[in-house]
Every structure is written in structure tokens, then in C-alpha cells.
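This note sets out, point by point, what a colleague may wish to check when reading the structure below. Please keep the structure in view while working through the points.

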Amino acid sequence: MATATLPIELPELTTDDLSRYSRHLILPEVGVEGQRKLKAARVLCVGTGGLGSPLALYLAAAGVGTLGLVDFDVVDASNLQRQIIHSTADIGRKKLDSAEEKLKALNPTLNVRKHDTLLSSANALDILKDYDVVADGTDNFPTRYLVNDACVLLGKPNAYGSIFRFEGQASVFATKDGPCYRCLYPEPPPPGLVPSCAEGGVLGILPGLVGVIQATETIKLILGIGEPLIGRLLLVDALNMRFRQLKLRKNPECPVCGVHPTVTSLIDYQQFCGIESASEKQSAVKNGIPQLTAKDLKKRIDAGEDLFILDVREPFEYQIANIGGKLIPQNDVPQRIGEIDRNREIVVHCKAGGRSQRIAEFLKQSGFLNVANLAGGILAWSDEVDPKVPKY
Amino acid sequence: MTIFIPTPLRPFAAGKDAVEVSAGTIAGALDELTQAHPDLRKHLFTSEGKVRAFVNIYLNDEDVRYLPAKEATEVSPADTLSIIPSIAGGN
């Protein structure tokens, strides 16, 4: 059975521990021995957002001795629909400080280690090496592959969960004989094809469901009980409330965990996921489309330049916030292309810049000569130009 | 057989979460699906017609890549085909 590697000398339980964990202690599968294993365990939660919130809360409640948290973000109002570890009063605070406060209130003996950083190839091995189990609750492909590769290289099991709209996936990767994330998906999708939760939305309860599955798997790995989700991908469909599982196999040709690995140290995951580097960004042209910053666009509007601003979001988004552009939702652009003035410079925008980039590329292919993309979308406009435009 | 369409691809399949097809093999079923919903094609296949590396296709609970006959595997009406794209959300 796959288990986390714990120290041989387990800590003793105090009288307070005995009363706090009594419901665990009377379970033969946990007992005093299991509770001591939990107390000895060190779990790293990568991200304290949607998945990380329920995950960290339940692990703290269950008596996991040390919880590491990795996050560099601050609490935003739009987080509170699902990130239950944070409260309204925490808006603007560092997520790490807010999370630590809630976790210590729940369980004052918990040892919280705060890693106030963006996990990167430069620091991942150093951060992960001091933990027994890693629980990946990040929100982007480069970090997913980074966490996977670091777990494989260090031999740490990864309790994995990811979510999108009403659907979730969970598994346990990178155990000794089990598959890893790259066995499941050897390559990431091209940037922009799969929308993030910020662009695609997510049902607030869904990360609760999936994060608690990750917490359950983490506890099972520590205790060495039950059947972990190794070699299985659990699919959660909240809309139909259907749970299915698929078989996962360890790929002998996997570049990181296969028989002859070609990835033996951490790589540049931004590049691996096709995301341009900062220096490329400065050139401000992406796939032939000039990238306009929100400030530049404002300057050009103020200077009275004749720009055709095309908003390719959905009508409900336009209702929440708009900067007065012509609304043609992205999927309607091909049919309504005649409504776009070919003789003017077109600036396409959406919420965060992904959809608008694709439409800008489409317009260019359709013969429009002068098309730019608003980098960062209406969110950047709200941040850099007009904070009265609500963020959603 | 039934082909399950995941959330990210439903906009390209008229919003449907499942599509019924009558083809006799996996390749035939995918062909029937993309003929009925042509917009799906570029999301599932490369320009050379290969299934994209970030999309996994499962016959019942088995990864098609690991079936001996792969996409030529015969299917029956009771089988299901699931398209599982990678998702990364968590925040």
C-alpha cells in the first residue's frame, strides 16, 4: 500500500489531543497510532484558494501537525464565493495571513509554515522537500506541471484536484509505482484554449467537493489505510451529480516518471506551456497582434483617436461592466463581421485578454489590417485606468 | 453508443452534454460526432488528424491509447466514450 514516508519516532498525544481527536481514536483504522502519524505529518498545500481552503481547514481539524501554505496573493472580494478560509474582513490582506489565522483558531497547536512566494523551478524542490504529502490546488497549467515534476523528482505523493465550471478531477499522482500527471496529459493545451476559472467561471461549491476529496486522500496516504486514488481519475460532475472513475496507467515512456526519463531536473514551465516570457511581452506583439495596455488605450481615446472598440464578451458580462465598446460575443463575430468597420483601427477586448486575442487573430486572418488587443482586458482597465469599473 | 461531451467543449456541440452515435468503431464514432458538430474537430484533432495530446478519450473506463486496437477498437451500443480534456482550475 502506498503511504507517505513519516519519521520513525512518532510524537506522543497530549491529554488535549485525546479529547479533541476522540472520534478518530475510536476508529480502529485510525486509533492512537494513526493520530500520532497525523501529528507527525507535514503537508504542503499549494494555493490557499478554492481547493486550498477546504483542504487546509479539514487537514488542520483532523490533526495534521504541520501545514505548509504557498501563496503570494491577497484576498479579493471575488474570492469569497468559494474560498471559505477567507472572510469579508480579510479583503486586501495576504491570503497566507488570513488562512493562518483561521487555521490556528480552529487548531491552536497546528504548526503553519507560510511560503509567501510564487512556486517556481528555482524554489520548488527546496520548498517541497520538507513535506510528506503535497496537495496541488493551483490554478494554472505551468504550476500543475511544475508541482508534478517536483513531486516525481523528490518521491512525494501528490493529492491532485482541479476544477472548471461544474466539473472536477481528482487523483493521486507520483507515488512510487503509480502514474503521474504527465502520464495522464503528456502536453498542456495551447495557451488560451482552456479558459481559467476567472474567464470560464466556477460553481462556488465545486472546489469544496473536490478539495475535500484531496483532503481525504491526503489523510489516507498519511495513515496508510483504504484504497488511494492511485491509477484512477475521479470525475465529478456537480450539475448531474455524477461521479465516475477512469483507469490511469503509468506510461513507461513518460518523460519524467517513465523507464528512461528525459526530464531529470525542473524545466521552464512557462515555456513548456507556450507562455511567452517577460521579454517577449515587452515587444508587445503576440502572434502578429499588437498588445495595447489599458493606460495606452486610455491615452489614445483621450487624444481623440478614431478607434473601433470591440467587446467580445457575453451580454451578461457587458451588463456587469463595460467601457462602451461595441458588443459582439466571440461566437457571433464570424456571422456579424459586417458590423465591424474595416476602415478604422479595431481594438478588441474581453475580460482578461484571452478571448479577444483569438478574435483579433481571426479578424486579421479575415483581412482586417489594423487590429490590436487590449492586454489584460477590462480587468486591467479597472486596475490601471478606472477603478469604478467593477471587477467580476 | 453515447459520447460524453465535457463542459469546455459543449459550446462546440450545440450545448449538449452527450451525443448518440451509431458507428461501429471508436474512430467511426468520433468521425460521426465531428460531422454532426464540425466546430469540435479542431478542438479534438490536430491538423494531421491525430487526437490532441491534451485530450484523452476513454472507452468506458479505459484509455483508448492503451487498447490493443486503439481507435480501430469495435464498439457496441452499450459502450460509452468520454472525452476528458485537461483542466487546471483550482482558485
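The numbered points below treat the two sheets of chain A, the helices packed with them, and then chain B.

1. The model under review is a predicted one. The statements that follow should be read with that in mind.

2. The eight-stranded sheet of chain A. This open sheet has the strand order β3-β2-β1-β4-β5-β6-β7-β8, and its pairing is mixed. The edges are taken by β3 (111-115) and β8 (242-247) of chain A; each has a single partner strand, so one side of each is left without a neighbour in the sheet. From one strand to the next, the twist averages 15 degrees.

3. One pairing within that sheet. Strand β1 (residues 42-46) of chain A pairs with strand β2 (residues 66-70) of chain A in the parallel sense, over five bridges. To locate the pairing, the student may begin at Arg42(A), which stands opposite Thr66(A) in β2(A).

4. Helices lying across the eight-stranded sheet. Helix α5 (residues 95-106) of chain A lies across β2 and β3 of chain A and runs at about 175 degrees to β3(A). Helix α7 (residues 141-154) of chain A lies across four strands of chain A, namely β1, β4 (133-136), β5 (158-164) and β6 (167-173), and its direction is at about 165 degrees to β4(A).

5. The packing of α4 with α5. Helix α4 (residues 52-62) of chain A packs against α5(A) at an angle of about 30 degrees, and the two axes are 9 Å apart. Angles under 35 degrees count as roughly parallel, and α4(A) is therefore roughly parallel to α5(A). Their crossing is right-handed. On the α4(A) side the contact involves Ala56(A), Leu57(A), Ala60(A) and Ala61(A), which meet Ala99(A), Leu103(A) and Leu106(A) in α5(A). The residues of this contact divide into seven nonpolar, no polar and no charged.

6. The packing of α4 with α10. Helix α10 (residues 206-223) of chain A also packs with α4(A): the axes come within 7 Å and cross at roughly 40 degrees. These two helices, α4(A) and α10(A), are therefore oblique to each other, and their crossing is right-handed. Residues of α4(A) in this contact include Gly52(A), Pro54(A), Tyr58(A) and Leu59(A), while those of α10(A) include Gly208(A), Gly211(A), Val212(A) and Ile219(A). How do the residues of the contact of α4(A) with α10(A) divide into nonpolar, polar and charged? There are nine nonpolar, six polar and no charged residues.

7. The six-stranded sheet of chain A. A further open sheet follows the order β9-β10-β14-β13-β11-β12, with mixed pairing. Here β9 (285-286) and β12 (326-327) of chain A stand at the edges; each has a single partner strand, so one side of each is left without a neighbour in the sheet.

8. Strand β13 and its partners. Strand β13 (residues 345-349) of chain A pairs in the parallel sense with strand β14 (residues 371-374) of chain A over three bridges. Within this pairing, Val347(A) stands opposite Ala372(A), and Val348(A) has Asn373(A) as its bridge partner. Strand β11 (residues 307-311) of chain A also pairs with β13(A) in the parallel sense, over five bridges; there, Phe308(A) stands opposite Ile346(A). Four of the five residues of β13(A) are buried, so this strand is largely enclosed by the rest of the structure.

9. A helix across the six-stranded sheet. Helix α15 (residues 354-365) of chain A lies across β9, β10 (289-292), β13 and β14 of chain A, and it runs at about 180 degrees to β14(A).

10. The contact between the chains. Chain B contributes 20 residues and chain A 34 residues. On the side of chain B that touches chain A, β3 (55-59), β4 (62-63) and β5 (80-85) of chain B each supply at least two residues. The residues on that side of chain B divide into 11 nonpolar, six polar and three charged.

11. A single residue of chain B. Thr25(B) is found in the loop between β2 (18-20) and α1 (26-36) of chain B. Is Thr25(B) buried, exposed or partly exposed? It has 14 C-beta neighbours inside 10 Å and so counts as partly exposed. Although Thr25(B) and Val75(B) are 50 residues apart in sequence, their C-alpha atoms are 5.2 Å apart in space. Leaving aside neighbours within four places in sequence, Thr25(B) is in contact with Ala72(B), Thr73(B), Glu74(B) and Val75(B).

Methods: Residues are numbered from 1 along each chain as its sequence is written. Chains are lettered from A and ligands numbered from 1 in the order in which they are written. This is a predicted model: local features need pLDDT of at least 70, side-chain atom pairs count only at pLDDT 80 or more; totals for chains, interfaces and linings use all residues. Two residues are in contact if their C-beta atoms, placed from the backbone, lie within 7 Å. Ala, Val, Leu, Ile, Met, Phe, Trp, Tyr, Cys and Pro count as nonpolar, Asp, Glu, Lys and Arg as charged, and the others, Gly among them, as polar. Two strands pair if DSSP finds at least two bridges between them. Axes are lines fitted to C-alpha atoms, for helices over the stretch in contact, and angles run from 0 to 180 degrees between N-to-C directions. Angles under 35 degrees count as roughly parallel, over 145 as roughly antiparallel, 65 to 115 as roughly perpendicular and the rest as oblique. A crossing is left-handed if the near helix is turned anticlockwise from the far one by less than a right angle, and right-handed if clockwise. A residue is buried if 20 or more other C-beta atoms lie within 10 Å of its own, exposed if 12 or fewer, and partly exposed in between; C-beta atoms are placed from the backbone.
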